[in-house]
Amino acid sequence: MGCGSSVATETQEKKVEIDETVKTPSPALTMKAAVLIQRWYRRYMARLEMRRRYTWNIFQSIEYAGEQDQLQLSSFFSFMLDNFTQLNGNGPDLISQLLDPVVDPWLDKETCYSLIQVPQSYTGPRLSFPLSVSDTNALLSAFKEQQILHARYVLLLLYETKKLLKQMPNIIHVSTSYTKEITICGDLHGRLDDLLLIFYKNGLPSAETPYVFNGDFVDRGKKSVEVAILLFAYLLLYPDYMHLNRGNHEDHIMNLRYGFTKEVMQKYKTHGREILQLFQDVFSLLPVATVIDGKVLIVHGGISDQTDLDFLSSIERHKVKSALRFPRRSLEQLDISQYCRQAKRMRSTDGSRPSSSRTHSRNQRTPNQSRKRQCGLSRQDSAASTSSSSSSSSSSSSLCSPRTPSCLSPRPCSSSPRMPYSVNVLQVPFLDSLSSVPLPSPPHHEQEWKQIVDILWSDPKPQDGCSPNTFRGGGCYFGPDITQRLLLQHGLQLLIRSHECKQEGYELCHSGQVITIFSASNYYEEGSNRGAYIKLGRELVPRFYQYQVSRTTRKLTLTQRVRAAEGSALRALKEKLFAHRSELMAGFQQYDQNYTGRVSVSEWAQVLESVLRLDLPWRTLRPLLVRLAPDASVQYQSCFEDMGPGISLPQVTPNLAETLFRYRTDIEIIFNIIDKDHSGLISIEEFRHTWRLFSAHLGVAIDDSAIDDLARSIDFNKDGSIDFTEFLEAFRVVHKLDTKDQQYNEKRNGEKYSCGD
């Protein structure tokens with residue numbers, strides 16, 4: 001008994017010692033554990049930050065690539081209107097209506113709006129002019145309740161805004177001597193919730209709370225009409241305390257691609273065209289800059305080495321309806337016939353040139369084919385027309401166009417052979433051939449246009465100097481020396497601009513002399529970025545206020561937010577890969593001469609960058625986009641495994657379906673132009689007209705029978721017409737993994753409910 005009890009006692013004593021050891025670890029072990037936890041956390045946060053950064057780069061690269069596509073399409077339209085129409089006499093009517101709409105004098109008569117009847121059933125705000133505080137409060141309440149302002153009041157408000165803006169200078173000068181602080185907001189892009197939150201946090205516009213909104217009020221968001229109406233209403237109510245700068249999206253050609261035109265026509269089916277025309281006039285009359293206390297310059301995009309505020313203040317800004325609409329350069333001013341005769345003599349005497357045989361084959365074509373050939377050539381030469389109007393004014397500005405030289409456009413079209421380029425001549429179509437005409441000196445209106453392009457489209461860069469903005473395709477990159485020179489020249493101390501989405505809503509560069517402010521939160525994806533605004537007092541020291549409008553983001557952890565944004569960005573990137581599949585496969589097979597289906601990682605990354613020109617960290621993204629073989633080489637066909645077309649289309653010409661996927665947005669824009677009554681429907685004949693026009697832009701030859709086959713395949717309900725829904729469904733990229741996940745989730749939900757029964 002005694003021995004047994006003593007053994008038990010010893011065992012208990014040992015347990016106590018062990019427990020005491022566990023409860024009071026040594027300082028060295030504690031420190032080691034803390035270091036391990038800290039190291040793990042730092043690695044975890046570093047990986048999370050890396051994912052957040054490449055997700056951001058994907059979103060921004062694809063956004064800027066879309067802007068380049070818009071500039072290319074616009075330059076094609078402009079060249080067709082300026083040159084092709086004048087030479088042939090029967091140019092495209094629809095392009096003329098788009099770029100140079102006939103001004104309706106009816107819209108400039110105040111009595112015309114009284115003819116629009118407001119039904120008794122309308123429960124929204126009924127505005128009276130001049131506006132009162134009760135009117136703006138009624139607008140706020142109505143928009144919070146998802147109500148739409150009646151077309152009569154929209155037209156009246158735009159008409160009054162137009163009258164007010166006509167009296168304003170190009171550059172607005174504001175003083176803080178009459179108020180404590182001025183609030184500066186950046187891009188809103190149709191985000192009504194962001195605007196309402198700014199008003200809630202900072203106060204409604206008034207004499208005590210003046211505002212400067214720095215452009216890009218519309219496009220991308222779903223409430224662009226409401227945002228613009230509210231801003232214009234407060235401008236009418238407090239013209240001395242509400243200031244609006246023009247942005248690059250206050251542009252009717254940009255509005256075609258990025259949603260504002262579509263939104264207006266959906267909300268105002270009867271008077272949408274008149275509303276759009278008045279919006280276009282109002283946008284062109286918006287001031288282009290604001291100066292606070294003579295010390296702080298506020299512009300939407302930035303500056304260039306040619307920016308001259310004195311010259312900018314003297315131009316007729318309303319003439320620049322669109323910064324994407326290149327100034328007309330009439331070919332009648334050039335002695336075309338003389339140069340064409342000389343060129344013709346040279347071609348006839350030079351029998352060794354292969355062009356003589358091509359000329360003979362062209363003459364054997366039918367008139368219809370000849371017209372197509374002319375369209376294709378006109379697209380080819382739009383680069384010279386476009387770049388000449390930019391380079392003739394300054395070497396630092398650019399507007400990207402099809403087939404621009406590599407120094408101006410990082411994304412040349414590879415669907416057809418490159419042509420020699422010269423900045424000293426303009427290639428023009430003449431009598432079914434090309435002729436070179438010397439460029440004249442830039443006229444005054446081109447210099448005015450360039451000043452506005454630089455103000456609306458430019459971005460800062462960390463290096464000195466000024467260079468073409470190849471990433472966006474328009475404006476320029478300006479360095480710290482350009483900023484300092486302009487500030488010193490005009491006695492300024494700070495430049496505030498917007499135009500670029502920033503993760504924190506703002507960013508300082510050029511030693512604090514340039515501030516970027518962006519006010520649309522969740523711009524790319526839910527939780528992708530914060531919005532911000534600036535408050536400037538009499539000491540002109542900026543104070544930043546950040547926010548994020550989101551009902552769901554606050555419930556998610558940081559990891560969940562990054563994962564959601566990353567998934568959305570990768571889907572967009574994979575669609576880009578799918579749209580360029582044939583070009584990528586051709587590039588891979590140049591390295592894979594034996595058709596093994598594998599290339600090295602560096603070769604894979606090089607092909608993607610050379611084709612897509614997105615400037616992304618492809619090696620970092622590789623595990624998310626493609627599989628590796630056992631020998632660590634890339635199985636490049638796995639890039640496209642989890643994607644496919646929405647429907648199977650007949651392959652009427654090689655790679656046609658892929659071409660349509662790639663230029664889906666551009667074709668939709670032309671659909672919107674042709675659909676004059678905005679019914680959402682176009683006939684087979686109109687579809688044929690659409691493709692003829694766009695095939696000229698792409699340089700793709702396709703006959704009418706093939707177009708008819710394609711149209712019939714898209715006409716799902718076989719009613720003889722094509723609607724936008726059918727069109728978009730036909731050219732939609734389906735992510736097979738998403739479909740499988742959706743089917744799996746539906747199956748699980750079905751099993752769960754069946755078990756519950």
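A polar contact here is a pair of N or O atoms within 3.5 Å, where, within protein, one must be able to donate a hydrogen and the other to accept it; residues adjacent in sequence count only if both atoms are side-chain atoms. Keep that in mind for the first close-up, and remember throughout that this is a predicted model.

**Figure 1. His300 and its polar partners.**
His300 sits in the loop between strand 6 and helix 11. A polar atom of its side chain lies 2.8 Å from the backbone oxygen of Asn214, inside the 3.5 Å limit for a polar contact. The side chain of His300 also makes a polar contact with the side chain of Asn248, at 3.0 Å. Is His300 buried or exposed? With a relative accessible area of 0%, His300 is buried, because anything under 20% counts as buried. Leaving out residues up to four places away in sequence, His300 touches a long list of others, including Asp187, Asp216, Arg246, Ile455, Arg497 and His499.

**Figure 2. Val320, tucked into a loop.**
Look for Val320 in the loop between helix 11 (309–312) and helix 12 (336–349). Its relative accessibility is 8%, so Val320 counts as buried. What does Val320 touch, once residues up to four places away in sequence are set aside? The answer is Arg246, Ser284, Trp449 and Ile452. For a sense of how the chain comes back on itself here, check Glu446: it is 126 residues from Val320 along the chain, yet the two C-alpha atoms are separated by 10.0 Å.

**Figure 3. Strand 15 and the strands it pairs with.**
Strand 15 (residues 514–517) is covered on both faces. Val514 and Thr516 are buried on one side, and Ile515 and Ile517 are buried on the other. Strand 13 (residues 494–497) pairs with strand 15 in the parallel sense, over 3 bridges, and Ile496 stands opposite Ile515. Strand 14 (residues 506–509) runs antiparallel to strand 15 and is joined to it by 4 bridges. One of the pairs to look for is Cys509 with its bridge partner Val514. Strands 14 and 15 make a hairpin with 4 residues between them. In that turn, His510 has a positive phi of about 55°.

**Figure 4. Helix 16, with one buried face.**
Helix 16 covers residues 480–490, and Ile482, Thr483, Leu486 and Leu487 are buried in it. Why do these residues line one face of the helix? Seen down the axis of helix 16, the buried residues fall within an arc of 125°, so they line one face. Flip to the other side and you'll find Leu488 and Gln489 exposed. The cover over the buried residues of helix 16 includes strand 6 (296–298), strand 11 (466–468), strand 12 (474–478), strand 13 and strand 15. Right after the helix comes Gly491, with a positive phi near 70°.

**Figure 5. An open sheet and the helix lying across part of it.**
This sheet is open and has 5 strands, in the order 4-3-2-16-17, with mixed pairing. Which strands sit at the edges? They are strand 4 (242–244) and strand 17 (543–547), each pairing on one side only. On average, and ignoring direction, neighbouring strands of the sheet are turned by 20° against each other. Further in, strand 2 (residues 181–185) and strand 16 (residues 531–537) pair in the antiparallel sense over 5 bridges. Ile184 stands opposite Ile534 in that pairing. Helix 7 (residues 224–237) lies across strand 3 (211–213) and strand 4, and runs at about 130° to strand 4.

**Figure 6. Two nonpolar cores.**
The largest nonpolar core has 76 residues, and Leu149, Phe213, Phe232 and Ile496 touch the most other members. Helix 7 gives the most to this core, with 12 residues. Zoom in on Leu149 and, leaving aside neighbours within four places in sequence, its contacts include Tyr122, Pro125, Phe143, Ile229 and Tyr268. There is also a second, separate core of 36 residues, with Cys501, Phe588, Ala605 and Cys639 among them.

**Figure 7. The whole chain, for orientation.**
Zoomed out, the chain has 26 helices and 24 strands. Of its 757 residues, 53% count as buried. Among contacts with a separation of 6 or more, 74% are between residues 24 or more positions apart.

Conventions: Residues numbered from 1 in each chain as written. Predicted model: local features only at pLDDT ≥ 70, side-chain atom pairs only at ≥ 80, totals over all residues. Heavy atoms only, no water. Buried < 20%, exposed > 50% of the residue type's maximum accessible area, 1.4 Å probe, protein only. Helix = DSSP H or I, 4+ residues; strand = E, 2+ residues; numbered from the N terminus. Pairing = 2+ DSSP bridges. Axes fitted to C-alpha atoms, helices over the stretch in contact; angles between N-to-C directions. Contact = heavy atoms within 4.5 Å. Arc of directions from axis to C-beta. Core = buried A, V, L, I, M, F, W, Y, C linked by side-chain atoms within 4.5 Å.
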